[in-house]
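Visitor: Got a minute to go through this one with me? Let's pull it up.

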Amino acid sequence: MTFPFKFTRWRTGMGNTEVDLTKLNIPKHVAIILDGNGRWAKKRFMPRNYGHIQGAKAVEQICEDANNIGIKYLTVYAFSTENWNRSEEEVDALMKLLRRYLKNCIERSNKNNMRVRVIGEKSRLSEDIRNKIDELEECSKNNTGLNFTIALNYGSRDEIRRAVSEIATEVSEGKLSPDDISESLINEHLDTSGLPDPDLLIRTSGEERLSNFLLWQLAYTEFYFTDVLWPDFNKEELIKAVVKYNGRDRRFGKVK
């Protein structure tokens, strides 16, 4: 492929080893579970919302870094269906932060030629947030740079349930036969329709679980877990994950 990197060499912090990024197989699609904002703030004797604010800034930077090393698709888990169970104060603060982030993202997406999509069950979000999401997706739909997807009020089980319900309705209406139901048809009814499955999943903060994120789409994805808390995750940490990814043997069930 045409070499897209805006920087080509990276000197690691361990042993001052230099990595030539042109020699790496860059994953096409990276998904990230953003974890550790609250613990990051607690370590600094700050309120949890301060951690979320810094986490949002880290998202902005990692979009630029991902694009610069040649990643084509980036999907982040920003707010899950289970996150509503947090305190009302924290949820309100997150929604306030989301409003500000979406507003800024409109300008940033066009400046950086970035296409932005939002997946998840949007009906529970307030009307002004839904309108801002529509505006963001519409104004960035023709951008040809990084494909950035934000999972908001997203839960994979809920996504699959909604897809099954849609397919069942089409069968009951005679638009589909049960024999028509294939993996590709299910893919078309998922929130991620049109997106390739992730090649690499990164989860920060030391937790090692999927937390109801992209359960269908991660079937053959490589996993990378790091103890780094999300606000501290940066270009160096991203490249570490990509280097680790290059050491994996992706067989997709086949024997080599």
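Visitor: Which residues of helix 3 and helix 4 meet?
Guide: This is a predicted model, to start with. From helix 3, the residues are Met95, Leu98, Arg99, Leu102, Lys103, Cys105, Ile106, Ser109 and Asn110. From helix 4, they are Asp128, Ile129, Lys132, Ile133, Glu135, Leu136, Cys139 and Ser140.

Visitor: How does that contact split by class, nonpolar, polar and charged?
Guide: It has 9 nonpolar, 3 polar and 5 charged residues.

Visitor: And at what angle do the axes of helix 3 and helix 4 cross?
Guide: Roughly 15 degrees, and the axes come within 10 Å. Helix 4 covers residues 127-140. Angles under 35 degrees count as roughly parallel, so helix 3 and helix 4 are roughly parallel to each other.

Visitor: Is that crossing left-handed or right-handed?
Guide: Helix 3 and helix 4 cross in a left-handed way.

Visitor: Now helix 2 and helix 3. At what angle do they cross?
Guide: Roughly 20 degrees. Helix 2 is residues 48-69, helix 3 is residues 88-111, and their axes come within 10 Å. Helix 2 and helix 3 are therefore roughly parallel to each other. Helix 2 passes helix 3 in a right-handed crossing.

Visitor: Which residues make the contact?
Guide: Helix 2 brings Arg48, Asn49, His52, Ile53, Ala56, Val59 and Glu60. Helix 3 brings Glu90, Ala93, Leu94, Leu97, Arg100, Tyr101 and Arg108. By class, the contact of helix 2 with helix 3 has 7 nonpolar, 2 polar and 5 charged residues.

Visitor: What about helix 2 and helix 7, at what angle do they pack?
Guide: About 45 degrees, with the axes 10 Å apart. Helix 7 runs over residues 235-246. That angle makes helix 2 oblique to helix 7. The crossing of helix 2 past helix 7 is right-handed.

Visitor: Which residues meet there, in helix 2 and helix 7?
Guide: Ile62, Asp65, Ala66 and Ile69 in helix 2, with Lys235, Leu238 and Val242 in helix 7. The contact of helix 2 with helix 7 divides into 5 nonpolar, no polar and 2 charged residues.

Visitor: Switching to pockets. What volume does the largest pocket have?
Guide: About 760 Å³. There are 31 residues lining the largest pocket. The closest to its centre are Leu34, Asn37, Tyr77, Ala78 and Asn83.

Visitor: Which elements give two or more residues to that lining?
Guide: Helix 1 (37-43), helix 2, strand 4 (73-80), helix 3 and strand 6 (147-154). By class, the lining of the largest pocket has 16 nonpolar, 8 polar and 7 charged residues.

Visitor: And the second largest pocket, what's its volume?
Guide: About 210 Å³. Of the 12 residues that line the second largest pocket, Glu60, Cys63, Glu64, Arg108 and Asn112 are the closest to its centre.

Visitor: Where does the largest share of that lining come from?
Guide: Helix 2, which gives 7 residues. The lining of the second largest pocket has 3 nonpolar, 4 polar and 5 charged residues. Glu60 and Arg108 also turned up earlier, in the contact of helix 2 with helix 3.

Methods:
Residues are numbered from 1 along each chain as its sequence is written. This is a predicted model: local features need pLDDT of at least 70, side-chain atom pairs count only at pLDDT 80 or more; totals for chains, interfaces and linings use all residues. Side-chain values use heavy atoms; hydrogens and water are left out. Axes are lines fitted to C-alpha atoms, for helices over the stretch in contact, and angles run from 0 to 180 degrees between N-to-C directions. Helices (H or I, at least four residues) and strands (E, at least two) are DSSP runs, numbered from the N terminus. Angles under 35 degrees count as roughly parallel, over 145 as roughly antiparallel, 65 to 115 as roughly perpendicular and the rest as oblique. A crossing is left-handed if the near helix is turned anticlockwise from the far one by less than a right angle, and right-handed if clockwise. Contact means heavy atoms within 4.5 Å. Ala, Val, Leu, Ile, Met, Phe, Trp, Tyr, Cys and Pro count as nonpolar, Asp, Glu, Lys and Arg as charged, and the others, Gly among them, as polar. On a 1 Å grid over the protein atoms alone, a cavity is a set of points where a 1.4 Å probe fits but cannot get out, and a pocket is an open set with protein on both sides within 12 Å along at least five of seven lines; lining residues have an atom within 4 Å of a point. Grid points are joined across faces, edges and corners, and a volume is the space filled by probe spheres set on the points.
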